[in-house]
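Open your viewer and get ready to click through a short tour. We will start with one residue and its neighbours, then move out to the core and the whole chain.

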Amino acid sequence: MNKLFNYKVALISIIGFGVITFIINLNGAIILTILAALKEMIFRFIFSGFTGRLLQKISDKYKEGVKFYFAAGIIPTLIALIITFVLHYFTYTPHPIKTVGINTVLTFISGVGTAFLFKRNLLKV
């Protein structure tokens, strides 16, 4: 499983994005807020585990330059933008646009941060 999935990145991601999604939607109906956070946590566990492992594999090949950091920020962000929009906009999340916007920005930051840590041999499985 470690050849396909980075559980360290996945666990950090579900905690961070779950809490953030919960806080963003807190002034909505509590059951919808909890469901929004759970949806985000399930999505982030799967998405972050697989993309984290992919970024880890790429970081082993590209030792120098900023291309890896750029790709690590942009590629997961674009994929996450589309999926989180569909996930929250069409499923009764109290504040879907705000949730998607904030999570998209944080996905970019976490992608670059993960790339930085991988280059220093941290969080690798």
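A contact, or touch, here means heavy atoms within 4.5 Å. With that in mind, select Val9: leaving aside residues up to four places away in sequence, Val9 touches Ser48, Gly52, Thr114, Phe118 and Leu123.

A word on what you are viewing. This is a predicted model, in which local features need pLDDT of at least 70 and side-chain atom pairs count only at pLDDT 80 or more, while totals for chains, interfaces and linings use all residues. Residues are numbered from 1 along each chain as its sequence is written, and side-chain values use heavy atoms, with hydrogens and water left out.

Next, keep Val9 and add Leu55, Phe68, Ala72, Ala115 and Phe118: these 6 residues form the largest nonpolar core (a set of buried Ala, Val, Leu, Ile, Met, Phe, Trp, Tyr and Cys residues joined through side-chain atoms within 4.5 Å; buried means under 20% relative accessible area, with a 1.4 Å probe and protein chains only). Now colour helix H3 (67-89) and helix H4 (96-119), each of which supplies at least two residues of this core.

Switch to cartoon for the whole chain. You will find 4 helices and 0 strands (DSSP runs, numbered from the N terminus: H or I of at least four residues for helices, E of at least two for strands).

Finally, zoom out. The C-alpha trace spans about 45 × 25 × 20 Å along its principal axes. Buried residues make up 38% of the 125 in the chain. Of the contacts with a separation of 6 or more, 79% are between residues 24 or more positions apart.

Notes: Buried < 20%, exposed > 50% of the residue type's maximum accessible area, 1.4 Å probe, protein only.
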